[in-house]
Amino acid sequence: MSHQYIFVENVSKAQFRALAEKKNVKSHFLGSYEWGEVSERRGWTPYYVGVLKDGELAATALLLQKKLLLGFSYFYIPRGFTMDYKDLELLKFMTESVHKFCKKHHSIYFKIDPDIKLHTIDIDGQVIEGENNYALSDYLLSLGYTRKPLNYFFENEQPRFTFRIPLDGTLEEIEAKYGRTTKNCIKTAKNSGVEVVRGTEKDIDTFVRLMEMTEKRQDFYSHDKAYYTYFYDILSKSGMVELYLGKINIPKLVDKLTKECAELEAEMERLKDNTGKKAMNKKRDLTERLSPLKEEISRHKGKPQTDLVVSAYMNVKYDDKSWTLYAANDMEYRKFYANYLVYNRQIEDAYNEGRKIFDVFGTIGKPDSKSKLSGLFEFKKKWGGEYTEFIGEFDYIENKPMYFLYKKLIPFYHKMVNKRLRKQVQQYEG
């Protein structure tokens with residue numbers, strides 16, 4: 001059966017969302033209309049295009065244009081086209097149409113990095129029996145794409161590895177897959193009186209305060225307050241973002257610590273006249289436990305806040321997925337594990353909202369490496385998700401001489417960009 005295809009250069013926001021919610025359509029918040037609005041603030045020029053198949057919208061693409069010297073530019077299509085990738089005829093027409101559009105705008109090349117699994121891997125990153133998309137990768141090459149080398153850290157536009165938690169089954173079954181340490185940390189947070197609430201735009205200052213602490217501690221720079229404010233404003237209008245806050249009630253905390261201290265002191269009093277070896281060891285242990293407790297009580301008594309926010313996360317939701325995107329923590333209160341309770345709340349909310357996937361938004365691809373990002377991998381592994389490897393980046397070259405110059409003679413620029421990206425992901429939560 002022959003189909004009629006029409007390329008559309010101005011797809012509406014409502015049409016973008018409607019297509020993303022259709023069955024069998026591969027979608028991602030980075031390919032949303034709203035992300036184009038956010039990206040505009042970061043120096044990109046967004047275009048919202050699509051393809052009609054027999055009169056109905058069947059594919060969309062967020063084209064982000066970056067202008068270069070001499071009137072040239074390149075385009076990035078974050079997480080690829082929003083469409084059913086099994087429809088190869090549609091994929092071919094979309095590719096050809098985007099190529100013509102980009103070339104009209106003096107593009108050197110355009111890039112896609114589809115939200116598609118390359119193959120199934122185990123927790124060590126080894127390929128195992130299961131799903132693979134080698135045929136799709138080969139088909140993209142046959143259409144004229146050039147595949148970039150597979151990256152294992154954060155060298156490219158987006159992380160190529162992540163953990164994804166399937167939100168099927170019961171919530172109890174999902175939480176049963178958490179690591180033992182994770183379960184204990186969640187329990188400690190609850191017993192310490194940590195409370196998780198949803199914030200509003202009024203809490204952006206608090207989020208930025210914690211983010212600045214995280215940046216200073218881990219030596220990276222993410223974004224300024226204006227960016228986070230704009231990001232939250234744009235995505236909240238479409239119901240795509242939640243700000244989660246983990247807070248501690250200081251008076252309740254002091255009361256709890258005081259009771260613990262009193263119990264230890266009562267035990268000390270009971271043992272004061274006992275000079276036996278076992279009793280002496282016990283008293284030594286009690287003394288070691290009492291000292292930090294008293295220091296903590298003294299430190300907290302001077303805090304004016306009733307509720308102190310010590311952990312904050314920006315969560316993004318789109319179609320059937322939820323992503324934990326930006327995270328910031330006050331490490332002075334690390335022992336209360338508020339970040340674990342906040343993380344768990346995000347998963348619970350995604351489940352209760354009927355999402356199918358919770359995505360930790362990026363990790364490394366060589367877990368056995370001695371990279372300083374190994375801690376990122378270990379923290380995100382604790383939540384029992386499926387270790388996922390994406391298909392990678394593909395460039396469609398429109399101007400080979402300029403592409404060569406851009407890629408080969410300006411390596412310093414890319415090195416600096418990649419250095420910044422690597423620093424950004426060091427804000428891990430563990």
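Two strands count as paired if DSSP finds at least two bridges between them. Strands (E, at least two residues) and helices (H or I, at least four) are DSSP runs, numbered from the N terminus.

These close-ups come from a predicted model, in which local features need pLDDT of at least 70 and side-chain atom pairs count only at pLDDT 80 or more, while totals for chains, interfaces and linings use all residues. Residues are numbered from 1 along each chain as its sequence is written, and side-chain values use heavy atoms, with hydrogens and water left out.

**View A. One end of the open sheet, where S6 meets S7.** In S7, Asn132 is the bridge partner of His119. S6 and S7 run antiparallel and pair over two bridges. Zoom out and you get nine strands in an open, mixed sheet, ordered S7-S6-S15-S9-S14-S13-S12-S11-S10. Strand S7 (127–132) and strand S10 (195–198) are the edges, each pairing on one side only. Neighbouring strands are turned by 35 degrees against each other on average, direction ignored (axes are lines fitted to C-alpha atoms, for helices over the stretch in contact; angles run from 0 to 180 degrees between N-to-C directions).

**View B. Helix H11 lying across the sheet.** Helix H11 (residues 338–352) crosses strand S9 (161–166), S10, S11, S12, strand S13 (321–329) and strand S14 (357–359). Against S12, helix H11 runs at about 30 degrees.

**View C. Glu386 reaching Lys117.** This is a salt bridge (a side-chain nitrogen of Lys or Arg within 4 Å of a carboxyl oxygen of Asp or Glu), and the closest N and O atoms are 2.9 Å apart. Glu386 sits in strand S15 (residues 386–390) and Lys117 in strand S6 (residues 117–121), so the contact ties together parts 269 residues apart in sequence. Lys117 is buried at 16% relative accessibility, whereas Glu386 is partly exposed at 31%. Buried means under 20% relative accessible area, exposed over 50%, and partly exposed in between (1.4 Å probe, protein chains only).

**View D. Lys53 with Asp87.** Here the closest N and O atoms of the salt bridge are 2.7 Å apart. Lys53 belongs to strand S2 (residues 45–53), and Asp87 to the loop between strand S4 (73–77) and helix H3 (88–104), 34 residues apart. Asp87 is buried, at 18% relative accessible area.

**View E. Lys247 and Asp307, plus a charged network.** Lys247 of strand S11 (residues 241–249) forms a salt bridge with Asp307 of strand S12 (residues 307–318). Salt bridges that share partners also join Arg198, Glu242, Lys317, Arg345, Asp349, Glu353 and Arg355 into one network.

How values were computed. Contact means heavy atoms within 4.5 Å.
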